[in-house]
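Please examine the chain and its ligand as the following paragraphs proceed from strand pairing to the ligand shell, the core and the loops.

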Amino acid sequence: MTMKIADLTFEPLIEEEAIAKRINLMSAQLNADYEGKTPIFIGVLNGSFLFVADLIKQVTIPCEVTFTKLASYYGGTTSTRKIREDIDLSVDISGRHIVIMEDIVDTGNTLSYLIEKLKLHSPASIRVCSLLLKPGKLEISIEELRYVGFEIENEFVVGYGLDYKELGRNLRSIYRLIS
Ligand code: XMP
Ligand code: MG
């Protein structure tokens, strides 16, 4: 079943049920790893909003949830390497355990920019939890990247928070671009 979004055609890659199952496992891991720690989950908007919402409902330890907004894609299907900061972090993270929540790690540029920025405020620890990772496109090795939902090929995906030209964020499954 293909899906047309704006001028491009997509096909299903990861179904809703598979996403839910994976998120259950990831949250169980986080509950175990952060027991007794009260971490701050920082979602990177816009793409991570559904992932954060679904994962956080399965987190049973005390935790805080906040968001920051960064963008490195400007509506196309390839990374621009330019990072724009739209919403600054308002919480004090010094001495706190931070879990950055990302929709997808592609080149890694957005993430390493955010990690370096957060480190300036002396958190106790920083780890990254990303729903998707394109290992073949990673340009920077990120030791903080501890939790990954799915590794995918070097392909453009939409759905479950991810967009093409701001469309498709509402889709329940993840779709890949048919080239
Ligand atoms: P970098 O290259 O900095 O990019 O790791 C990370 C950000 O780029 C966006 N991105 C995508 N968005 N489909 C999307 O809708 C994709 O396949 C894709 N790959 C990267 C995303 O916002 C991510 O945070
Ligand atoms: Mg993003």
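In this predicted model, strand β6 (97-105) and strand β7 (residues 125-133) run parallel to each other and are joined by eight bridges. One point of register can be given by residue: M101 has C129 in β7 as its bridge partner. Between these two strands the chain passes through α3, and the resulting β-α-β crossover is right-handed. On β7 a further parallel pairing is found, with strand β8 (residues 145-151), this one over five bridges. Here V128 is placed opposite L145 of β8. As background to these pairings, side chains in a regular strand alternate between the two faces of the sheet.

A separate set of strands has the opposite sense of pairing. Four strands make up an open sheet, ordered β1-β2-β10-β9, with antiparallel pairing. Its edges are β1 (3-5) and β9, each of which pairs on one side only. Within this sheet, strand β2 (residues 8-14) and strand β10 (residues 174-177) are antiparallel and share four bridges. The bridge partner of E11 in β10 is R176.

The ligand may be considered next. Which elements each supply at least two residues of the shell around ligand 1? They are β6 (97-105), α3 (109-119) and β9 (157-158). Of these, β6 makes the largest contribution, with four residues of the shell. The shell comprises 20 residues in total, and the closest to ligand 1 are D106, T107, N109, T110 and L162. Sorted by class, nine of the shell residues are nonpolar, seven are polar and four are charged.

The strand β6 reappears in the nonpolar interior. The largest nonpolar core has 36 residues, among which V99, I100, M101, V157 and V158 touch the most other members. The element that gives the most to this core is β6, with six residues. M101, one of those core residues, is also the residue bridged to C129 in β7. In general terms, nonpolar side chains in soluble globular proteins tend to be buried together. The surroundings of V158 can be followed along the sequence: apart from neighbours within four places, V158 is in contact with I5, F10, D163, Y164, G168, L171 and Y175. Of these partners, I5 lies in β1 (3-5), F10 in β2 (residues 8-14) and Y175 in β10 (residues 174-177).

Two loop residues illustrate contacts between separate parts of the chain. V59 is located in the loop between α2 (49-56) and β4 (64-71). V59 is classed as partly exposed because 18 other C-beta atoms lie within 10 Å, a count between the limits of 12 for exposed and 20 for buried. Although 31 residues separate V59 from A28 in sequence, their C-alpha atoms are 7.4 Å apart. Beyond its neighbours within four places in sequence, V59 contacts S27, L30 and N31.

The second example, A124, belongs to the loop between α3 and β7. A124 counts as exposed, since it has 12 C-beta neighbours inside 10 Å. From A124 to G95 the C-alpha distance is 4.4 Å, across 29 residues of sequence. With residues up to four places away left out, A124 touches G95, R96 and H97. The last of these contacts, H97, falls in β6 (97-105).

Finally, the backbone deserves attention at several positions. Most residues other than glycine have a negative phi, and most peptide bonds are trans. The peptide bond from L45 to N46 is cis, with omega near 0°. N46 itself sits in the loop between β3 (40-45) and α2. Positive phi values near 50° are found at A6 and at Y160, neither of which is a glycine.

Are A6 and Y160 buried or exposed? A6, in the loop between β1 and β2, is exposed because 12 C-beta neighbours lie inside 10 Å. Y160, in the loop between β9 and β10, is buried because its C-beta neighbours inside 10 Å number 25.

Notes: Residues numbered from 1 in each chain as written. Chains lettered and ligands numbered in written order. Predicted model: local features only at pLDDT ≥ 70, side-chain atom pairs only at ≥ 80, totals over all residues. Near = placed C-beta within 6 Å. Nonpolar A, V, L, I, M, F, W, Y, C, P; charged D, E, K, R; others polar. Pairing = 2+ DSSP bridges. Right-handed = clockwise from strand over helix to strand, strands pointing away. Contact = placed C-beta atoms within 7 Å. Core = buried A, V, L, I, M, F, W, Y, C linked by C-beta atoms within 7 Å.
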